[in-house]
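Here are a few notes to help you find your way around this structure. Have a look at the model first, then read the points in order.

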Amino acid sequence: QVQLVESGGGLVQAGDSLRLSCAASGRTFSSKWMGWFRQAPGQERAFVALITPGGDGTYYTDSVKGRFTISRDNAKNTVYLQMNSLKPEDTAVYYCGGGLRWAVRPRYYDYWGQGTQVTVSS
């Protein structure tokens, strides 16, 4: 069974940066499409960023484009989310997920981490 563990969240001020990490167990990480999602209180889990299995392609939701960068290191079984120029509206629990295809909807992801809290103050 594949397990994912997020880390790197915290409390920062608007304009600051954070780097989230998602460490995966198992032997098939390099075959998985990996995504970052976020969920604010009272809201549904929403897509943030996606990366192809080989790390050569990425896709972002419009609200983070130009500020966030998703990357992966398959040798370390880890996917990252570099978040720059953070805004209060970025505040949420951030989750990483793994799946078998390109997808921006949570239903298409098979594996999830427990989440890490990101809070951005104004």
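1. A word on terms: strands (E, at least two residues) and helices (H or I, at least four residues) are DSSP runs, numbered from the N terminus, and two strands pair if DSSP finds at least two bridges between them. With that in mind, find A23, which stands opposite T78 in β8.

2. This is a predicted model, where local features need pLDDT of at least 70 and side-chain atom pairs count only at pLDDT 80 or more, while totals for chains, interfaces and linings use all residues. Residues are numbered from 1 along each chain as its sequence is written, and side-chain values use heavy atoms, leaving out hydrogens and water.

3. Strands β3 (residues 18–24) and β8 (residues 78–83) run antiparallel and are joined by 6 bridges. They belong to an open sheet of 4 strands, ordered β1-β3-β8-β7 with antiparallel pairing. At its edges lie β1 (4–7) and β7 (68–73), each pairing on one side only.

4. Now for the interior. The largest nonpolar core (buried Ala, Val, Leu, Ile, Met, Phe, Trp, Tyr and Cys residues joined through side-chain atoms within 4.5 Å; buried means under 20% relative accessible area, with a 1.4 Å probe and protein chains only) has 27 residues, and W36, V79, L81, M83 and Y94 touch the most other members. β3 gives the most to this core, with 4 residues.

5. Which residues does M83 touch, not counting those up to four places away in sequence? With contact meaning heavy atoms within 4.5 Å, they are D16, S17, L18, L20, R67, F68, Y94 and V118.

6. Finally, a second, separate core of 5 residues includes F37, L50, A103 and Y109.

Terms used:
Buried < 20%, exposed > 50% of the residue type's maximum accessible area, 1.4 Å probe, protein only.
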